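Hello,

Here is the structure I promised to pass on. Please have a look at it first, and then read my notes below.

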Amino acid sequence: MFKYDLPTAVPTLHNLKKTIDHFLSDTITLNSIDKIGADSEFALEVATILKGHRDNLKVHDLDYQYKKLIQITNDIHNLNLAVNNEIPEWLEYELGIVFHKIRNILLVLEIELN
C-alpha cells in the first residue's frame, strides 16, 4: 500500500485545470474561484504530502507551485473584474506553465515517495 495516494493527485490536478479553463472561458461564475483556493481537494492533498515530507525539496516545490497557481488565479480573477473580462495572454501562458510544473513534480514524487 502506498503511503500517499499520489496517482489520485494527478487526476485532481486535471479536474482543477478544467475548473480554471471554465473560469477562463466564463462558463462558470466568478465565485467558482473558491474551487481553486486553499480549501480545494488538491490543496488538502498538497498539505498532507507536505506535512509528511518537510525535508523533501520536491514537496516544497509542489507547495510553492500550488501557491503560485492560486496567486495567478487570483490575479486573473481581479483582472477579470477590472478589465472587461479580458485576460492577458501572458497570464494564461503562465498558468499553463505552472500546471505543467505541478504535473511533472507529481510524477517525480510518485516515484520517490512510493
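Which residues have the most contacts inside the largest nonpolar core? They are Phe42, Leu62, Leu69, Ile102 and Leu106, in a core of 27 residues. By nonpolar core I mean a set of buried Ala, Val, Leu, Ile, Met, Phe, Trp, Tyr and Cys residues joined through side-chain atoms within 4.5 Å. Buried stands for under 20% relative accessible area, exposed for over 50%, and partly exposed for what lies in between, with a 1.4 Å probe and protein chains only.

Before I go on, a word on the basis of all this. The model is predicted, so local features need pLDDT of at least 70 and side-chain atom pairs count only at pLDDT 80 or more, while totals for chains, interfaces and linings use all residues. Residues are numbered from 1 along each chain as its sequence is written, and side-chain values use heavy atoms, with hydrogens and water left out.

The overall picture

The protein has four helices and zero strands, giving the pattern α-α-α-α along the sequence. Helices here are DSSP runs of H or I with at least four residues, strands are runs of E with at least two, and both are numbered from the N terminus. Of the 114 residues, 40% count as buried. The accessible surface comes to about 6900 Å², and carbon and sulfur atoms own 55% of it; these areas come from the Shrake-Rupley method with a 1.4 Å probe, and for residues only the protein chains shown count as cover. Among contacts with a separation of 6 or more, 73% join residues 24 or more positions apart, where contact means heavy atoms within 4.5 Å.

Back to the core

Each of α1 (6-24), α2, α3 and α4 (89-113) supplies at least two residues of the core, and α4 gives the largest share, nine residues. In soluble globular proteins, nonpolar side chains tend to be buried together. Leu69 shows how the core is knitted: leaving aside neighbours within four places in sequence, Leu69 is in contact with Leu16, Ile20, Leu95, Val98, Phe99 and Ile102.

Helix α2 and its partner

Helix α2 (residues 41-52) has 12 residues and reaches 17 Å from its first C-alpha to its last, close to the 16 Å expected at 1.5 Å a residue; the expected span is 1.5 Å times one less than the number of residues. Its buried residues are Phe42, Ala43, Glu45, Val46, Ile49 and Leu50. They cover an arc of only 160° around the axis, which puts them on the same side of α2; the arc is that of the directions from the helix axis to the C-beta atoms. Exposed Glu41 and Lys51 are carried on the face of α2 turned away from that buried side.

The count of aromatic pairs comes to one. Phe42 and Tyr66 form it, with 5.3 Å centre to centre and 50° between the planes, a tilted arrangement. The rule is that rings of Phe, Tyr and Trp (its six-membered ring) pair if their centres lie within 6.5 Å, with planes under 30 degrees apart counted as stacked, over 60 as edge-to-face and the rest as tilted. Because Phe42 lies in α2 and Tyr66 in α3 (residues 57-82), the pair ties together parts that are 24 residues apart in sequence. Phe42 is buried at 2% relative accessibility, and Tyr66 is buried at 3%.

Leu50, also in α2, is buried with a relative accessible area of 11%. Apart from neighbours within four places in sequence, Leu50 is in contact with Val59, His60 and Asp63. The C-alpha atoms of Leu50 and His60 are separated by 6.9 Å, with their positions 10 residues apart along the chain.

Helix α4

The 25 residues of α4 should span 36 Å at 1.5 Å a residue, and its end C-alpha atoms are 36 Å apart, which agrees. Its buried residues include Leu91, Leu95, Val98, Phe99 and Ile102. Leu107, in α4, is partly exposed at 33%; its C-alpha lies 8.1 Å from that of Val10, 97 residues apart along the chain. Ile111, in α4 too, counts as exposed at 70% relative accessibility. Ile111 and Leu6 are 105 residues apart in sequence and 9.2 Å apart in space, C-alpha to C-alpha.

Best wishes
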